[in-house]
Amino acid sequence: MTLRVTEAHKSYRSRTRNIVALKGVDIAAAAEELLVVVGPSGSGKSTLLRAVAGLEELDSGTVEIAGRDVTHAAPGERNVAMVFQEYALYPHLSVFENIAFGLRARRAAGVEEAVREAADHLGLTDALERRPDEVSGGERQRVALARALVRRPVAFLMDEPLSNLDAELRLRMRAEIRDLHRRAGATTLYVTHDQIEAMTMGDRVAVLRDGTVEQVAPPGELYERPGNVFVARFIGNPPMNILPAGLLGAPDGTVTVGLRPERMALVRTNGRLHGRVVMVEGTGADALVHVDAGGHALVVRTTPQDAPEKGSEAAVAFADQDVHAFDSAGGRIE
């Protein structure tokens, strides 16, 4: 593994309480892998990334990069390049000098060639003489990526780099970062709270909650075989419906069952669940039908043309293979 974090613990003390950010986190990324770390606010994502970068000191645990223990190494000794959410560009320097800054600080050779090669890769050649306030938000993000790229690090560390961009730019930059990762051939640890980014970009995705790793798996496996109720509801938009097992006559040991909204259908007859439509949300191509099934809320995704009226009776059908079973601790039952 190019990057490995083992038994990472980190706490902060505020004026009123002790905040535990990481609770024994184990995570590893292989050579050339793009590993995305996703989770809600306060789950420990950024603390984990900053610990890998050397910007946070762990209370206990180890960080290894390229087979070397760097737990107590300074940030500059770790051979990683970090891309921040706020870009961290120098406003008084040109795009060229921003990209070159780290190379000049280390008195590296071939600065001109390296900067122009990175700029060419990221479509910044025509912007090299401008300053950051003279280029677009998407171009500023590319400058930050180019500055990381020229260092030729063992690993890229990216802390929510697209969160300040609008939806169209985020879509375009997701593809550009994937392409950059592929061409650079370096391991990438990418932190985000956006599950769509996680699912579309990651070779694997690590889901964090309250400082612990809930599951690490390829995106398709997270979606099709969530390890617990938290992952089942966190991955997917709209989230998985979680219902009492008794509604379906589930087997012994099953406490709750999960059903994806897109794996359910509204039918006229032979429905397995019945209820009343309480709301219909149009999203353009889809309609989200909210159904009250005996006091239990569920959402069914359908087309606007097939959406029933609010207040109408609803019958819901689904296949046995689309039912996810969970035990009393919320863990998956195979």
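**Group meeting talk: helices, cores and salt bridges**

Hi everyone, let's begin with one residue: Arg-50 is partly exposed, with a relative accessible area of 28%. Please keep in mind that what you see is a predicted model. Arg-50 makes a salt bridge with Glu-56, and their closest N and O atoms are 3.4 Å apart. If salt bridges are new to you, here is the idea: side chains of opposite charge can pair when their charged atoms come close.

Now look at helix α1, residues 45–53. Is this helix largely enclosed or not, and why? Seven of its nine residues are buried, so the rest of the structure largely encloses it. The buried ones are Lys-45, Thr-47, Leu-48, Leu-49, Ala-51, Val-52 and Ala-53. Right after α1 comes Gly-54, which has a positive phi, near 90°.

Next, the inside. The largest nonpolar core has 49 residues, and the members touching the most others are Ile-99, Leu-145, Tyr-190 and Val-207. Helix α4, residues 137–149, gives this core its largest share, six residues. A separate core holds 27 residues, including Leu-22, Ala-29, Leu-49 and Ala-155. You have met Leu-49 already, as one of the buried residues of α1. As for Tyr-190, if we set aside neighbours within four places in sequence, its contacts include Leu-34, Val-36, Met-158, Ile-177 and Met-201.

Let's move to a sheet. Four strands make an open, antiparallel sheet, ordered β2-β1-β4-β5. Which strands stand at the edges? They are β2 (18–29) and β5 (68–69); each has a single partner strand, so one side of each has no neighbour in the sheet. Strand β4, residues 60–65, pairs with β5 over two bridges, and Glu-64 sits opposite Asp-69 in β5.

Back to charges to finish. How many salt bridges does a search of the whole structure find? The total is 18. In one of them, Arg-182 meets Asp-179 at 2.5 Å, N to O. These two are three residues apart in helix α5 (residues 167–184), which means about one helical turn separates them. Arg-182 is exposed at 56% relative accessibility, while Asp-179 is partly exposed at 27%.

Another salt bridge joins Arg-263 and Asp-322, with 3.3 Å between the closest N and O atoms. Arg-263 is in the loop between β12 (256–259) and β13 (265–267), and Asp-322 is in the loop between β17 (313–317) and β18 (324–326), so the pair ties together parts 59 residues apart in sequence. Here Arg-263 is partly exposed at 30%, whereas Asp-322 is buried at 16%. Finally, shared partners link Asp-179, Arg-182 and Arg-183 into one salt-bridge network. Thanks for listening!

Technical notes
Residues numbered from 1 in each chain as written. Predicted model: local features only at pLDDT ≥ 70, side-chain atom pairs only at ≥ 80, totals over all residues. Heavy atoms only, no water. Core = buried A, V, L, I, M, F, W, Y, C linked by side-chain atoms within 4.5 Å. Buried < 20%, exposed > 50% of the residue type's maximum accessible area, 1.4 Å probe, protein only. Contact = heavy atoms within 4.5 Å. Pairing = 2+ DSSP bridges. Salt bridge = Lys/Arg side-chain N within 4 Å of Asp/Glu carboxyl O.
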